[in-house]
Amino acid sequence: MILTEEDREKIYTAYSGKVMGYIMARVRRRAEAEDLTADVFEKVYRKIGDYDRTKSSLSTWIFTITRNTLIDSYRRKRPTEELSEEIPDLAELDENLLQTETLQELARALRGLEEELRDIVVLRYYDGKPLTEIADLMGLSYGAVKIRHQKALNEIRHALNGDEVGPVRKGKIIPLR
């Protein structure tokens with residue numbers, strides 16, 4: 001399917017505000033949100049031939065592209081960004097963990113996590129997302145995200161304690177000593 005300029009304008013007019021709002025709620029920096037919105041619509045226009053109206057509505061398809069663009073953005077910037085000292089919503093993270101360890105050590109522990117676990121931690125504590133929203137963003141069940149979130153926190157705790165991680169027994173990681 002080839003889009004005319006008029007078709008592009010109609011799609012952009014109908015969805016750009018919603019896409020921008022969705023992205024702004026997640027990145028909180030207007031310039032970044034504008035760039036990501038532009039990326040989304042570039043992908044929409046380029047991939048319109050892949051759209052199958054029998055599988056989903058146009059809005060669902062566009063928001064799937066939006067969600068995937070956000071996830072790609074998190075993954076691209078993750079290795080180069082250090083965590084800010086103003087990490088939102090840390091109430092659920094072990095208080096002693098943050099009081100006794102520096103943010104550099106925490107960043108090192110995060111880099112040691114497998115990619116999916118690191119994404120969950122970044123989305124939860126850096127972006128302040130609830131686990132239910134992270135599940136939606138990552139296309140996983142809430143239960144799976146909850147289990148992986150706990151696993152990530154256990155691995156971070158062990159990394160910060162200098163433990164060499166050993167086998168898992170009954171859902172708990174056993175440190176090697």
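Reader: How many residues does helix α3 have, and how far does α3 reach from its first C-alpha to its last?

Author: This is a predicted model, where local features need pLDDT of at least 70, side-chain atom pairs count only at pLDDT 80 or more, and totals for chains, interfaces and linings use all residues. Residues are numbered from 1 along each chain as its sequence is written, and side-chain values use heavy atoms, leaving out hydrogens and water. Helices are DSSP runs of H or I with at least four residues, numbered from the N terminus, and a helix's expected span is 1.5 Å times one less than its number of residues. For α3 (residues 58–77) that gives 28 Å, and the helix comes close to it: α3 has 20 residues and reaches 29 Å.

Reader: Which helices do the buried residues of α3 pack against?

Author: Buried means under 20% relative accessible area with a 1.4 Å probe, counting protein chains only. In α3 the buried ones include W61, I62, I65 and L70. They pack against α1 (5–27), α2 (30–47), α6 (115–126) and α7 (131–138).

Reader: Which residues have the most contacts inside the largest nonpolar core?

Author: A nonpolar core is a set of buried Ala, Val, Leu, Ile, Met, Phe, Trp, Tyr and Cys residues joined through side-chain atoms within 4.5 Å. The largest one here has 28 residues, and the ones with the most contacts inside it are I11, I23 and V44.

Reader: Cool, so what does V44 touch, leaving out residues up to four places away in sequence?

Author: Contact means heavy atoms within 4.5 Å. With those sequence neighbours left out, V44 touches I11, W61, I62 and I65.

Notes: Helices (H or I, at least four residues) and strands (E, at least two) are DSSP runs, numbered from the N terminus. Buried means under 20% relative accessible area, exposed over 50%, partly exposed in between (1.4 Å probe, protein chains only).
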